[in-house]
Amino acid sequence: MKQCPSCNAQHTLSARFCMECGTPLPDNPGPAAGGFEPMVGNDAMVAGDVIGRQEVITAQNINIVHNYRQQDAPVEYVLKVRTDAPCRIHIDGEYNCNAGEGKTVRLILRKGTYMLEFISTQTPEDRHTCEYRISDPEESLVLPLKGIWEKERLMQERYYTTEPAKLTEDEWSEALSFFRSRAQKGDPVARYKLGLCHGHGYCGVQKNETEAVRYYSMAAQQGYACAQYALGVCYAYGRGVAADSKESAKWYLQAAENGNMEAQCEVGWSYYIGSTYFPKDRDKAIEWHSKAAAQGYGKSQAHLGSIYFSEKNYKEAIGWFLKAIEHEPVSDFTYTDLGLSYIYTGNNKEAQRWFERVKSPSWYVKGKLEDLRKNNK
């Protein structure tokens with residue numbers, strides 16, 4: 001046992017500082033004098049290089065954290081870390097200690113490379129990870145975490161809300177670095193974005209649909225709806241993977257259930273026309289299209305209009321056609337059916353207006369439009 005020279009508290013021979021008053025304890029007398037105690041329990045060496053003992057004391061507002069990576073005679077290296085924001089420090093994926101704002105934390109490690117992660121204690125979504133190699137007996141690391149986290153938030157706002165295809169060439173390098181860094185941490189959005197880049201050749205990435213499927217799969221398995229829909233498309237058309245209608249239907253349905261409006265539209269259409277994994281069912285078609293339409297998805301709104309038009313419910317059809325036109329460009333078929341719906345409800349002026357928007361009118365539409373122009377004078 002060791003005795004503290006200041007307060008006489010007793011400690012094990014492996015202790016470096018007094019747990020009562022923080023006074024440094026004298027060095028071990030060495031094996032010749034019977035100095036090194038055998039390690040047992042939590043102090044026992046596991047595989048020769050794992051964190052065994054952790055002692056935390058406070059002395060003069062400085063947190064001192066000792067991590068003993070145990071071998072026969074461990075050589076200690078000191079890494080002094082100072083941050084401008086309170087955070088939790090993880091080393092190689094394991095919680096290590098807390099760091100106060102503006103306070104210095106002393107990490108006593110073995111020589112080597114470590115993965116350090118700093119997680120805000122106030123907003124845990126703010127985090128920063130870096131690889132650090134300690135090679136000198138004493139080193140310092142100063143991190144302006146507030147600035148780093150703010151930059152992360154700005155990049156997330158820009159690159160997560162903007163389609164990769166719309167990023168400028170000057171943004172490509174930073175965007176890819178951001179996506180890759182976040183993807184390594186398991187972020188499903190970043191994995192999906194990398195899938196888009198590989199699948200379409202965005203951000204200067206060489207097109208590789210197989211790699212795109214790999215990223216989509218990781219994000220899809222985490223429950224990210226956009227990736228689930230993208231994976232369904234890949235299986236449907238054999239992009240980067242063998243075509244498989246069963247897998248495609250599975251991922252479309254999962255994405256639809258998770259709120260993806262494109263998948264909801266796909267499922268609705270599949271139920272309407274009928275397929276192996278989506279037997280024909282008009283009510284389910286209406287249900288899924290309605291969910292997508294409620295999110296403002298014009299394609300489903302147009303499909304609903306077509307369904308009601310085919311059932312001669314022209315008033316309902318007109319309502320859905322008009323909503324579809326508000327949200328996105330529609331096909332000539334939509335303008336044609338909308339014009340016919342107005343004719344069948346006795347509004348020839350509106351019928352003429354929408355027939356005139358048909359870019360490539362059929363002979364039937366041309367004839368109807370000619371008659372309307374004569375009668376509406």
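This text looks at one helix, α4, and then at some aromatic rings in a predicted model.

Helix α4 covers residues 209-221. With 13 residues at 1.5 Å a residue, the helix should span 18 Å, and its end C-alpha atoms are indeed 18 Å apart, so the two values agree. At the N-terminal end, Asn208 acts as a cap: one of its side-chain oxygens lies 3.2 Å from the backbone nitrogen of Thr210. Just after the helix, Gly223 has a positive phi of about 90 degrees.

An α-helix has 3.6 residues a turn, so residues three or four places apart point the same way. The buried residues of α4 include Ala212, Tyr215, Tyr216 and Ala219. The buried residues of this helix pack against α3 (188-200), α5 (225-237) and α6 (245-257). Tyr215 also has a charge over its ring: the charged end of Arg214 sits 4.6 Å from the ring centre. Elsewhere, Lys291 lies over the face of Trp288, 4.2 Å from the ring centre.

Rings also pair with each other, and the whole structure holds 14 aromatic pairs. In one of them, Phe178 and Phe179 have ring centres 6.3 Å apart and planes at 55 degrees, so the pair is tilted. Phe178 counts as buried because its relative accessibility is 3%, and Phe179 is buried at 0%. Ring pairs join these two residues with Tyr159 and Tyr160 in a cluster.

Another tilted pair is Tyr314 and Tyr344, with centres 4.8 Å apart and planes at 45 degrees. This pair links distant parts of the chain, since Tyr314 is in helix α10 and Tyr344 in helix α11, 30 residues apart. Tyr314 is buried at 17% relative accessible area, whereas Tyr344, at 43%, counts as partly exposed.

Key
Residues are numbered from 1 along each chain as its sequence is written. This is a predicted model: local features need pLDDT of at least 70, side-chain atom pairs count only at pLDDT 80 or more; totals for chains, interfaces and linings use all residues. Side-chain values use heavy atoms; hydrogens and water are left out. Helices (H or I, at least four residues) and strands (E, at least two) are DSSP runs, numbered from the N terminus. The expected span of a helix is 1.5 Å times one less than its number of residues. Buried means under 20% relative accessible area, exposed over 50%, partly exposed in between (1.4 Å probe, protein chains only). Contact means heavy atoms within 4.5 Å. A polar contact is a pair of N or O atoms within 3.5 Å; within protein, one must be able to donate a hydrogen and the other to accept it, and residues adjacent in sequence count only if both atoms are side-chain atoms. Rings of Phe, Tyr and Trp (its six-membered ring) pair if their centres lie within 6.5 Å; planes under 30 degrees apart count as stacked, over 60 as edge-to-face and the rest as tilted. A charge sits over a ring if NZ of Lys or CZ of Arg is within 6 Å of the ring centre and within 35 degrees of the ring normal.
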